[in-house]
Amino acid sequence: MRKDDIIMNILVLGSGGREHTFAWKIAQSEHCSNLFVAPGNSGTSAIATNLNISVTDFEAIKEQVLQNKIELVVVGPEDPLVKGIHDYFLGDNDIKHIPVIGPQKAAAQLEGSKEFAKEFMSRHNIPTAAFKSFTADTIAEGYEFLESLKPPYVLKADGLAAGKGVLILDDLEDAKTELKNMLLEAKFGNASTKVVIEEFLDGIELSCFVITDGKDYKILPTAKDYKRIGQGDTGLNTGGMGAVSPVPFATEAFMEKIESKIVKPTISGLIQDNLPYVGFIFIGLIKVGDEPKVIEYNVRMGDPETEVVLPRLKTDLVEIFKAMSNQTLSDIELEIDDRAATTVMLVSGGYPESYEKGKEIHGIDEVKNSLVFHAGATLSEGKVVTSGGRVMAITSYGKTYKEAIKKSYQSINKLCFDKMYYRKDIGFDL
């Protein structure tokens, strides 16, 4: 795309830290004329126009797209993708010409169903943990399968459970009880009407992010996030408490293995299975010995990994999206910042269980050496207040991840809200 090419009105769907980061990056592009975020948050309101509509209200989205002459839609979260927003656009004559960044419904099942993803991997010889799936009718076989495995036992709700549908248990009886809770007591609602049980993989995790136009692909910088609430990776799973990019142990040789054994077979598998895909593929990986294996696919960018991956991307993001939508991604050269980036999540006291909202956040304007990405934060009577569990991501650059993380913690000292909590050990295991 030439510099004098078209400038566009762009809509980002979502309300978290990921979407604030997308908006921040898109706003820097000379190809963006007017930027809208639906529903957005207090951070996006400073750089874009927030539209107070739900990400799954496709009719309201269409109305705003036509009213605001939107020419590109970027889908942040998984829910609208799994519900088929891309197909909705393609099926409507008024909006079918508008590119949507995010896969169609059939391909979004890679995240929408754990069973679908595991079967896809086994069909295309993509390395992953051994698995079987069970329903209420086959629970007895589920118990038998658990008995055949060595602890710890991994149970995954098949459907979307907001990042909380995975249990890892050391005790066989506990695993059987939880399988019963998931299948018979609907522990995760509809998400656990089917449960995938898989072997436990012991290793260190990282995330690989790929963009594809359905034909070609590019690999974005790697990142590693920290899912558990407590220091030293203890306690309950969260949506993510912090992230680091690049991942120090992802050497060139290891990245070559990821590309040849996982990324290439994934892209060619999508083409072979006729699963149209324009968007991000987030591959959750684990390094077992010297080999990468896939834990899961997500069909969008991760959060808080976006808050360290996009700040390291120097290439114009709108040019990348344009190339993705017209299948010219192979023409784009990705330029990556050599510096490390780290982010630390500030969360509401009590998260990931019950927490209070509406706490005023102080000190945002005093942060000078870090980027503040708003997540569960909103404007109320002119003040920025908490509106969710994960409130803000504080991102910093550094020559090394240690230098970057130090800056993030220094910036956090300037911020406060009632019962604010964050992990003080992001990057501890590197």
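The following questions and answers concern a predicted model.

Q: What is the orientation of helix α5 relative to helix α6: roughly parallel or roughly perpendicular?
A: Helix α5 (residues 105-112) packs with helix α6 (residues 114-123), their axes lying 6 Å apart. The angle between them is about 100°, and angles of 65 to 115 degrees count as roughly perpendicular. The orientation of α5 to α6 is therefore roughly perpendicular.

Q: How many nonpolar residues does the contact of α5 with α6 have?
A: On the α5 side, the contact is made by Ala106, Gln109, Leu110 and Gly112, and on the α6 side by Lys114, Phe116, Ala117 and Phe120. By class, one residue is charged and two are polar. The nonpolar residues number five.

Q: Which helix gives the largest share of the largest nonpolar core?
A: This core has 50 residues, of which Leu11, Val73 and Ile283 touch the most other members. Beyond its neighbours within four places in sequence, leucine 11 contacts residues including Phe36, Leu51, Ile61 and Val73. The largest share of the core, seven residues, comes from helix α9 (residues 252-272).

Q: Why is helix α1 described as largely enclosed by the rest of the structure?
A: Buried residues are those under 20% relative accessible area. In α1 (residues 17-27) they include Arg18, Glu19, Phe22 and Ile26. The helix is largely enclosed because the buried residues number nine of the eleven.

Q: Which strands stand at the edges of the open sheet?
A: Five antiparallel strands form this sheet in the order β12-β15-β18-β22-β19. A strand at the edge has a single partner, so one side of it is left without a neighbour in the sheet. The edge strands are β12 (224-225) and β19 (371-374).

Q: Which strands of the sheet does α1 touch?
A: Helix α1 packs on the sheet, and its direction makes about 125° with that of β19. The strands touched are β19 and β22 (390-398).

Q: Which residue does a cis peptide bond join to alanine 38?
A: Omega of this bond is about -5°. The residue joined to alanine 38 lies in strand β2 (residues 32-39). That residue is proline 39.

Q: Is lysine 69, with its positive phi, buried or exposed?
A: Lysine 69 is not a glycine, yet its phi is about 50°. It is found in the loop between α2 (58-67) and β4 (72-75). Its relative accessible area is 62%, and the cut-off is over 50%, so lysine 69 is exposed.

Technical notes. Residues numbered from 1 in each chain as written. Predicted model: local features only at pLDDT ≥ 70, side-chain atom pairs only at ≥ 80, totals over all residues. Heavy atoms only, no water. Axes fitted to C-alpha atoms, helices over the stretch in contact; angles between N-to-C directions. Helix = DSSP H or I, 4+ residues; strand = E, 2+ residues; numbered from the N terminus. Parallel < 35°, antiparallel > 145°, perpendicular 65-115°, else oblique. Contact = heavy atoms within 4.5 Å. Nonpolar A, V, L, I, M, F, W, Y, C, P; charged D, E, K, R; others polar. Core = buried A, V, L, I, M, F, W, Y, C linked by side-chain atoms within 4.5 Å. Buried < 20%, exposed > 50% of the residue type's maximum accessible area, 1.4 Å probe, protein only. Pairing = 2+ DSSP bridges.
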